[in-house]
Amino acid sequence: MKILKANDGPLTNFEVLDYLRSRGVSKEVAVTVAASEYKVFQYLVETPAYSQTRENVTNFVRNVKKYDLSKAEVINLINIRPSLPVGIYLMVEKCDARLGETIAEQLAEAVTECLPPPPAQPENQDVQESDALAGGDPEGNDEPDEPEPEAVRENLGDIDEKAEDDNLMGVS
């Protein structure tokens, strides 16, 4: 056996999904592939990779070459598809020093222009993300789901009692 390309590099979720589709995996039929391949397919169907095409990904890579991003950063942008600058800051190392705010905004625009939205998310994803970042609930329920103060005190009391028991037993 001769290995042609030992380690060709990391793949995007789209490339893995494309490979699985070429092997005959679909939502309905999974008899021709291993169970692990079908599990990966099920996961990828719910990611942005499901609605991406080779043209989308190639176009995006071509558009972001000018920003001097690492291969891993580009792959993360393709896989996760952040549509807000805050998402860009999370994925690009030292984004503030390397790119700045305006370039992060340009990258977010390139993501939304070149890559289609994930299949399960509506077109107004940016509104929901900004609501979540602002602390609001996208469904309009502004009341936080916090436990009652008494329940918190009871749980803290249990922790204190356990700590005292551990100290008595010599456990640290």
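This briefing describes the fold, the first helix, the nonpolar core and the largest pocket of one protein chain. The model is predicted. The chain contains nine helices and zero strands, and 28% of its 172 residues count as buried.

**Overall fold**

- Read from the N terminus, the elements of the chain follow the order α-α-α-α-α-α-α-α-α.
- Among the contacts in the chain with a separation of 6 or more, 57% are made by residues 24 or more positions apart.

**Helix 1**

- Helix 1 spans residues 13-22, and its buried residues are N13, F14, L17 and L20.
- These buried residues lie on the same side of helix 1, because they cover an arc of only 125° around the axis.
- A general rule helps in reading such a pattern: an α-helix has 3.6 residues a turn, so residues three or four places apart point the same way.
- The partners against which the buried residues of helix 1 pack are helix 2 (35-45), helix 3 (54-64) and helix 4 (71-80).
- G24, which comes just after helix 1, adopts a positive phi of about 100°.

**The largest nonpolar core**

- The largest nonpolar core comprises 29 residues.
- Within this core, the residues with the most contacts are F60, V64, L69, L77, I88, L99 and L107.
- Two or more residues of this core come from each of helix 1, helix 2, helix 3, helix 4, helix 5 (85-91) and helix 7 (101-114).
- Helix 7 makes the greatest contribution to this core, giving six residues.
- V64 is one of the residues with the most contacts inside the core; when its neighbours within four places in sequence are left aside, V64 is in contact with L69, V74 and L107.

**The largest pocket**

- The space in the largest pocket amounts to about 410 Å³.
- The lining of this pocket consists of 18 residues, and those closest to the pocket centre are T12, V61, K71, V74 and I75.
- At least two lining residues are supplied by each of helix 1, helix 3 and helix 4.
- Helix 3 gives the most to the lining, with five residues.
- By character, the lining residues comprise ten nonpolar, three polar and five charged.

**Links between the topics**

- Helix 1 gives two or more residues to the largest nonpolar core, and helix 1 also supplies at least two residues of the pocket lining.
- V74 is in contact with V64, and V74 is also among the lining residues closest to the centre of the largest pocket.

How values were computed. Residues numbered from 1 in each chain as written. Predicted model: local features only at pLDDT ≥ 70, side-chain atom pairs only at ≥ 80, totals over all residues. Heavy atoms only, no water. Buried < 20%, exposed > 50% of the residue type's maximum accessible area, 1.4 Å probe, protein only. Helix = DSSP H or I, 4+ residues; strand = E, 2+ residues; numbered from the N terminus. Arc of directions from axis to C-beta. Contact = heavy atoms within 4.5 Å. 1 Å grid on protein atoms, 1.4 Å probe; cavity = no way out; pocket = protein on both sides within 12 Å on 5 of 7 lines; lining within 4 Å. Points joined across faces, edges and corners; volume = space filled by probe spheres on them. Nonpolar A, V, L, I, M, F, W, Y, C, P; charged D, E, K, R; others polar. Core = buried A, V, L, I, M, F, W, Y, C linked by side-chain atoms within 4.5 Å.
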